[in-house]
Amino acid sequence: MEIDSATGMLMLLTAALAILAPSAWGLDRAEFPPGFLFGVATSAYQIEGAYLEDGKGINNWDVFTHTRPGDITDGRNGDVADDHYHRYMEDVEIMHDLGVNSYRFSISWARILPRGRLGGVNSAGIAFYDRLIAALLQKGIEPFVTFHHFDQPQELETQYGSWLGAGIREEFDYYADVCFRAFGDRVKFWTTFNEPNVFAKHSYMLGTYPPNHCSAPFGTCNSGNSNREPYVAAHNIIMSHAAAVDNYKRNYQHRRAQQQAVARARRRPRRRPQLHAPPPSPSPEAPRAAAVAVARSATPPSRAAAGRVAVVAASPAAPPFPAPATEVRTGLASPPSPPWPPRASPGGARARVDCRAALAGGLPSRTPAACSTKCRAAVRRVGAGGMPVPVAAVLLYVPVAVRRVGAGGMAVAVAVAVPMAVPVPVPVPVAAVLLYVPVAMAVPVPVAVAVPVAVPVAAVLLYVPVAVAVPVPVAVPVAGGMAVPVAVAVAVLLYVPAAVAVLVGVVPLLHIPAVLLAMAAAKQGGSIGIVIEMKFYEPLTNTTEDILAAQRAMSFEIHWFLDPLFFGEYPKEMREMLSSNLPTFSPAEKRLLQNKVYFIGVNHYTAIYAKDCISSPCDLNTYEGNALVLATGERDGVRIGKPTAIVGFYDVPEGMEQIIKYVNKRYENTPVYVTENGYSQHSSNGLEDLINDVGRVNYLQGYLSSISSAIRRGANVRGYFVWSLMDNFEWAYGFTVRFGLYHVDFDTQVRTQKMSAKWYQGFLMGSRPMDALQTLRAGS
């Protein structure tokens with residue numbers, strides 16, 4: 001049987017892969033723990049293009065590449081790059097086909113805030129990232145978002161001298177806050193800065209990145225002070241990071257605050273009612289206190305979502321209030337509840353208060369004080385992997401139509417039967433709504449639920465009688481189009497006007513006034529960290545000088561940014577060498593630094609040798625020059641690993657395990673995500689070599705095997721991202737080097753899968769190229 005040329009080429013490539021990377025067949029995704037993130041990474045300037053479209057402002061790289069094209073190897077820029085801004089749906093489909101479960105990307109600061117705080121928020125920029133995030137979640141891909149990946153509005157250079165001015169801290173804090181509010185209901189992984197160590201050195205020491213600041217002996221620029229400016233910029237970056245983390249924890253995350261508030265409410269003295277016992281009567285002031293508590297804790301729609309939330313509440317004539325229904329709990333029917341409780345009159349006589357009649361008119365002024373408020377809800381949603389996913393639920397006797405017109409103009413229609421427990425999936429919080437509709441009939445009502453809203457806590461002011469418990473099995477649509485069954489058992493008795501905030505989680509038998517603040521604290525529940533570029537430095541020789549040189553190199557590379565975040569001080573090696581050129585932290589700054597990161601992002605590409613430059617002269621115009629270290633890839637004429645297209649980057653997979661173990665040990669076993677790792681090729685290579693990237697396959701297999709080994713030895717590492725999804729603009733290298741799993745023809749924007757993409761896909765899917773080869777042989 002003849003084999004066509006395409007099939008023959010596939011067999012040849014697969015056989016070559018099997019020969020050149022035999023150990024690839026020994027690597028299995030099952031070696032990694034459940035929930036491990038496997039993804040790809042990009043950044044805004046490197047792929048988006050559309051540099052002047054839809055209100056985007058000019059950023060520092062727009063100016064640098066247009067005014068100093070000679071500083072880019074091929075003289076090109078990122079004006080179009082991969083045209084991801086217009087082709088993002090195609091790129092999301094590529095990721096879905098690849099099989100990744102996470103995508104790390106950065107937001108263009110200038111696309112969100114074209115001129116910083118002064119210029120206002122660009123709604124078109126918000127809408128773009130809204131669409132991107134929605135597309136990712138629809139495909140089951142977790143967004144992993146970076147605020148700053150080397151680019152910022154050029155306006156900030158004019159106002160503050162960019163990162164040399166302390167004023168940029170407030171700008172960054174405001175920018176991060178805008179992103180938290182706009183995307184935080186769906187984004188659960190945030191990183192403040194990507195490689196600030198690389199950025200500070202190249203921008204303010206070597207002058208190879210904008211704003212092109214440097215001084216001798218590190219370079220020749222028109223302005224700058226290489227002995228001081230990198231550390232001033234780094235200090236402002238560190239404090240900007242700390243402020244953003246503090247803001248996120250206080251105002252958006254609040255998971256711990258919620259748990260503590262609920263625990264305090266549980267400890268409050270109260271009589272725990274039996275299942276069918278009448279609820280205790282609160283004081284006449286309790287409903288008012290409840291309403292005030294929520295009013296203070298929730299932002300009014302008119303301020304937080306001005307022009308973005310429209311509420312229509314139907315108000316038909318209220319029918320007679322129905323008798324209490326049989327309570328159903330955990331699927332088991334219980335006997336009917338006893339009549340509503342009498343309350344002692346001032347004279348001692350016990351008289352029944354007809355709450356239902358009083359509430360039929362729907363006027364809070366007619367509500368007797370005897371009518372009490374009790375809320376009991378237990379909601380559990382089982383998601384992928386059997387893990388409980390919190391779902392908000394409230395039992396409402398209200399036909400309501402809610403519609404929010406967002407930047408993307410999208411709304412999700414949800415059919416709600418009333419009365420019922422309305423489940424609200426965590427990624428779709430509902431804006432504050434005022435309801436004044438006493439209706440006691442079960443009426444199916446269509447509801448449009450916003451995605452997302454400015455106020456992430458659902459605060460509903462209820463003047464409605466609700467007095468039944470109903471178990472509602474509901475299929476909740478989740479990311480990827482799957483329907484997850486939700487088991488809801490809710491019993492709510494509302495006899496007075498009360499403000500009820502929807503609590504995301506489980507609230508057993510709590511007085512509403514006691515937990516309103518705990519309910520309002522339920523926010524986004526994500527995590528936040530920072531990404532550092534990390535080489536692993538090995539001493540060139542076993543001499544004391546080179547051993548100390550390797551330690552200095554690690555301090556100026558890693559400890560520079562992470563030590564302040566974990567220990568509140570710069571490393572002693574830097575303090576001893578830099579003296580007054582290294583800023584100090586004020587007491588207020590140290591207090592802010594106590595907000596530790598939840599994870600550390602590690603960008604690791606290579607290990608390299610470190611040679612001491614204190615005892616012997618070296619050329620200091622290098623990346624490690626400020627540490628008085630010379631980095632070299634050779635020892636006694638033997639390379640540390642196979643070289644790649646980036647000068648100083650080698651294929652040394654064992655360095656990955658070493659750097660992960662090092663970071664875990666030094667920084668309190670904080671979780672690590674390998675946020676970048678990849679292999680570069682020269683663009684000048686022939687197309688066939690670029691597509692059949694065996695070197696990249698070997699590189700990825702080796703580094704993933706090293707991570708697997710670290711995990712088996714107890715390392716706390718939780719994710720891995722290949723740099724990069726596709727070929728892109730590589731900063732000062734322009735388009736002369738390629739890191740992508742997908743080849744991009746920058747003239748036609750055609751994306752072509754490389755051999756490495758097929759390998760990664762096979763690894764993620766649990767299949768291997770050898771299987772395809774065996775199938776072809778059997779067919780022939």
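These are my notebook entries on aromatic pairs, disulfides and salt bridges in this structure.

**Setup**

I'm working from a predicted model, where local features need pLDDT of at least 70, side-chain atom pairs count only at pLDDT 80 or more, and totals for chains, interfaces and linings use all residues. Residues are numbered from 1 along each chain as its sequence is written, and side-chain values use heavy atoms, with hydrogens and water left out.

**Entry 1: aromatic rings**

I began with the rings. I paired rings of Phe, Tyr and Trp (its six-membered ring) if their centres lie within 6.5 Å; planes under 30 degrees apart count as stacked, over 60 as edge-to-face and the rest as tilted. How many aromatic pairs does a search of the whole structure find? I got 55 of them.

I looked up F32 and F36 next. Their ring centres are 5.0 Å apart and the planes stand at 50°, so I logged this pair as tilted. For burial I used relative accessible area (buried is under 20%, exposed over 50%, partly exposed in between, with a 1.4 Å probe and protein chains only). F32 and F36 are both buried.

Then I took F147 and Y175. This aromatic pair is edge-to-face, at 5.7 Å centre to centre and 65° between the planes. I wanted to see where the two sit, using DSSP runs numbered from the N terminus (helices are H or I with at least four residues, strands are E with at least two). F147 is in strand β4 (residues 142–148) and Y175 is in helix α8 (residues 168–183), so the pair links distant parts of the chain, 28 residues apart. F147 is buried at a relative accessible area of 0%, and Y175 is buried with 0% as well.

I also found one aromatic cluster made of Y45, W61, F64, F150, F199, Y204, Y209, F729, W731, F735 and F746.

One charge over a ring went into the notes too (NZ of Lys or CZ of Arg within 6 Å of the ring centre and within 35 degrees of the ring normal). K201 lies over the face of Y623, 4.0 Å from the ring centre.

**Entry 2: disulfides**

A reminder to myself: a disulfide is a covalent bond between the sulfur atoms of two cysteines. My cut-off was a pair of cysteine sulfur atoms within 2.5 Å, and by this rule I count two disulfides.

C214 is joined to C221, with 1.9 Å from S to S. Which hand does the link of C214 and C221 have? It is right-handed, with 105° about the S-S bond. C214 is buried at 2% relative accessibility, while C221 is partly exposed at 21%.

The other entry is C613 with C618, whose sulfur atoms are 2.1 Å apart. I read a torsion of about -95° about the S-S bond here, so this disulfide is left-handed. C613 counts as buried at 10% relative accessibility, and C618 is partly exposed at 22%.

I checked C179 as well, and this cysteine is buried at 0% relative accessibility.

**Entry 3: salt bridges**

Side chains of opposite charge can pair when their charged atoms come close. I called a salt bridge when a side-chain nitrogen of Lys or Arg was within 4 Å of a carboxyl oxygen of Asp or Glu. By this rule the count is 25.

I started with R117 and E171, whose closest N and O atoms are 3.3 Å apart. Why does this pair tie together parts that are 54 residues apart in sequence? Because R117 lies in strand β3 (residues 114–117) and E171 in helix α8. R117 is partly exposed at 34%, whereas E171 is buried at 1%.

Next came D563 and R666, with the closest N and O atoms 2.9 Å apart. D563 lies in helix α16 (residues 544–567) and R666 in helix α19 (residues 654–666), so this salt bridge ties together parts 103 residues apart in sequence. D563 is buried at 3%; R666 is partly exposed at 31%.

Helix α19 turned up again with E657, which forms a salt bridge with R713 at 3.7 Å between the closest N and O atoms. E657 lies in that helix and R713 in the loop between α21 (694–712) and β35 (717–723), so the parts tied together are 56 residues apart in sequence. Buried or exposed for R713? R713 is exposed, with a relative accessible area of 59%, and E657 is buried at 13%.

Last note: D83, R87 and E90 are joined into one network by salt bridges that share partners.
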